[in-house]
Amino acid sequence: MRVLVGGGTGFVGRALTQLLRSRGHEVTHVSRQGGKDRISWEELSYSGLPLCDAVVNLAGENVLNPFRRWGDAFCREVISSRVETTKTLAKAIADAEQPPRAWVLVTGVGYYRPSLTAEYTEDSPGGDFDFFSRLVSSWEAAALIPGSPARGVVVRSGVVLGRGGGAISQMLWPFRLGLGGPLGSGLQPFPWIHIRDLAGIVCHALESECLQGILNGVSPSSPATSNGTFAQELAAALGRPALLPVPAWAVQAVFGAERAIMLLEGQRVVPKHTLESGYHFIFPDLSGALRDIVA
Ligand SMILES: NC(=O)c1ccc[n+]([C@@H]2O[C@H](COP(=O)([O-])OP(=O)(O)OC[C@H]3O[C@@H](n4cnc5c(N)ncnc54)[C@H](OP(=O)(O)O)[C@@H]3O)[C@@H](O)[C@H]2O)c1
């Protein structure tokens with residue numbers, strides 16, 4: 001299969017590319033940077049979709065970049081890097097003489113309203129109550145191609161845990177020093193997935209000829225994981241204590257109050273359709289996932 005991946009040079013994209021190539025698929029990235037096996041977004045807009053069997057979009061400015069102040073300019077970049085790249089790919093698919101068979105978009109569980117108690121499946125409502133939920137709604141709406149023969153799959157991902165990037169890369173050094181701990185109360189749900197499973201779900205979506213619709217990209221044990229449990233398990237995997245809670249005000253001071261919601265609140269998300277679709281998780285449990293990552 002020839003697969004075109006927007007934002008495929010990033011943290012998730014590298015894992016997906018490795019998996020797809022190991023399974024004999026050809027991968028081309030759509031990127032802002034030139035290089036081997038890459039095309040630019042401009043080239044895609046002017047020349048149209050290169051011949052391919054499937055398209056994936058993973059492009060997006062890193063929302064939790066602690067070096068970027070949370071303000072209007074950054075918010076616009078967070079939105080446009082997702083919605084405009086998705087629109088560009090959707091238009092290229094719609095205009096293609098030979099459209100691809102599959103079109104997969106990775107969005108986020110920020111679609112569902114944070115709650116200590118509610119559990120959400122792919123059928124649950126959401127998408128219209130705060131910045132992140134509305135972002136996911138417009139991102140997913142941008143992917144719609146009425147009448148297209150391409151199967152559409154949206155994977156709503158939780159926090160991606162893996163080596164060499166993502167949320168855990170910023171947490172490792174305080175935890176290694178024994179200075180880690182839960183964020184805020186620590187009671188908030190922590191929807192997580194191992195990076196090999198997120199890449200695995202996207203690959204499963206590409207290869208399963210009848211699969212379409214929404215898939216929650218979280219581990220099956222994720223609904224039972226709180227931020228406090230995560231902190232304890234990460235510390236245990238590193239053989240360190242996790243005694244020092246990080247107060248909510250400190251998280252808000254670093255990230256801004258609106259963005260801190262991503263860390264101080266969370267959703268219990270169940271991968272119902274993902275499991276029903278026949279995907280088998282490599283890392284269903286947090287302790288095994290973290291041991292793999294910090295080993
Ligand atoms: N990591 C997580 O925990 C997580 C959780 C939920 C959802 N997601 C979503 O999954 C997708 C992949 O995540 P990731 O962690 O792999 O992301 P990432 O590494 O931060 O970025 C992915 C790629 O997006 C492209 N990109 C970044 N800023 C851009 C901009 N301003 N305009 C256009 N392209 C831009 C870059 O590719 P080039 O430099 O090649 O252009 C980058 O390599 C993202 O859409 C993210 O929102 C991630």
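How far apart should the ends of α3 be, given its 24 residues at 1.5 Å a residue, and what does the model show? Some notes on that and the rest of this predicted model:

1. The expected span for α3 is 34 Å, and its end C-alpha atoms sit 33 Å apart, so the two agree. The helix still has a bend of about 30°, placed at Ser80.

2. On burial, α3 has Val78, Arg82, Thr85, Thr86, Leu89, Ala90, Ala92 and Ile93 as its buried residues. Their cover includes the strands β1 (2-6), β4 (54-57) and β5, along with the helices α2 (41-47) and α4 (131-142).

3. α3 also matters for the ligand view: it supplies four residues to the surrounding shell, the largest share. Other elements giving two or more are α1 (11-22), β5 (102-108), β8 (159-161) and α5 (166-176).

4. There are 25 residues around the ligand, and Gly7, Gly10, Ser31, Gly60 and Ser81 come nearest. By type, the shell splits into 13 polar, eight nonpolar and four charged residues.

5. Now the packing. The largest nonpolar core has 71 residues, and the members touching the most others are Val3, Val12, Val104, Val155, Leu161, Val202 and Ala205. Helix α6 (residues 195-207) is the top contributor, with eight residues. A separate second core has six residues, among them Val246, Ala260, Leu263 and Leu264.

6. Leu161 is worth clicking on. Leaving out residues up to four places away in sequence, Leu161 touches Gly166, Ile168, Trp192, Ile193, His194, Ile195, Ala289 and Ile293.

Key:
Residues numbered from 1 in each chain as written. Predicted model: local features only at pLDDT ≥ 70, side-chain atom pairs only at ≥ 80, totals over all residues. Near = placed C-beta within 6 Å. Nonpolar A, V, L, I, M, F, W, Y, C, P; charged D, E, K, R; others polar. Expected span 1.5 Å × (residues − 1). Bend = angle between axes of the 7 residues up to and from the residue. Buried ≥ 20, exposed ≤ 12 C-beta atoms within 10 Å, placed from the backbone. Contact = placed C-beta atoms within 7 Å. Core = buried A, V, L, I, M, F, W, Y, C linked by C-beta atoms within 7 Å.
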